[in-house]
Amino acid sequence: MSKEAFDREKLTVGPLRWLPSAYRAITLPPFGIWIRDTVSEEDFCGVLKHELVHWDQWRRYGTFGYYWRYFTGWVVYGYYDHPMEIEAYERSGVR
Ligand SMILES: [Zn+2]
């Protein structure tokens, strides 16, 4: 995603302090992306790349479609086999 896209959407990237520690980051479009402040400097860009794939999925599916697909996918596939997570891992190159 280009810098212009960040500016246009005023994408918020902030520290994550309000979810169980099993989560490194969360993307809640259209509000923003939160990344735990314990994520190391060297891992931060990779985690952000992964979350930006989720942001792109939201642009593709729309707000309802994004949350509906994510929730139902979670129920059916769990986390690691979730098609939206598989895409995020493949496109970001980050596990
Ligand atoms: Zn993910």
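**From the β hairpin to the bent helix**

In strand β3, G32 is the bridge partner of L28. This pair belongs to a predicted model, and it offers a convenient entry to the sheet. The strands concerned are β2, residues 25–28, and β3, residues 32–36, which pair in the antiparallel sense over four bridges. A hairpin of three residues joins β2 to β3. The loop between these two strands contains P30, and the peptide bond leading from P29 to P30 is cis, with omega near 5°. As a point of reference, most peptide bonds are trans.

G32 also has a bridge partner in another strand. T12 is paired with G32 of β3, within a parallel pairing of β1 and β3 that extends over five bridges. The three strands thereby form an open sheet in the order β1-β3-β2, with mixed pairing. Its edge strands are β1 (12–16) and β2, each of which pairs on one side only. On average, neighbouring strands of this sheet are turned by 20° against each other, direction ignored. In general, strands of a sheet pair through backbone hydrogen bonds, in either the parallel or the antiparallel sense.

Beyond the sheet, the description turns to helix α2, which covers residues 41–77. This helix has 37 residues, yet its end C-alpha atoms are only 31 Å apart, whereas a straight helix at 1.5 Å a residue would reach 54 Å. A bend of about 115° is found in α2 at G62. After the helix comes G78, with a positive phi near 75°.

Which elements do the buried residues of α2 pack against? They pack against β2, β3 and α3 (83–92). The buried positions of α2 are H50, E51, L52, H54, W55, Q57 and Y66. In an α-helix there are 3.6 residues a turn, so residues three or four places apart point the same way.

Two of these helical residues, L52 and W55, also take part in the largest nonpolar core, where they are joined by I33, W34 and I35 to give five residues in all. Both β3 and α2 supply at least two residues of this core, and β3 gives the most, with three. Such grouping can be set beside a general tendency: in soluble globular proteins, nonpolar side chains tend to be buried together.

Strand β3 thus links the parts of this account: β3 pairs with β2 in the antiparallel sense, pairs with β1 in the parallel sense, and contributes three residues to the largest nonpolar core.

Methods:
Residues numbered from 1 in each chain as written. Predicted model: local features only at pLDDT ≥ 70, side-chain atom pairs only at ≥ 80, totals over all residues. Pairing = 2+ DSSP bridges. Expected span 1.5 Å × (residues − 1). Bend = angle between axes of the 7 residues up to and from the residue. Buried ≥ 20, exposed ≤ 12 C-beta atoms within 10 Å, placed from the backbone. Contact = placed C-beta atoms within 7 Å. Core = buried A, V, L, I, M, F, W, Y, C linked by C-beta atoms within 7 Å. Axes fitted to C-alpha atoms, helices over the stretch in contact; angles between N-to-C directions.
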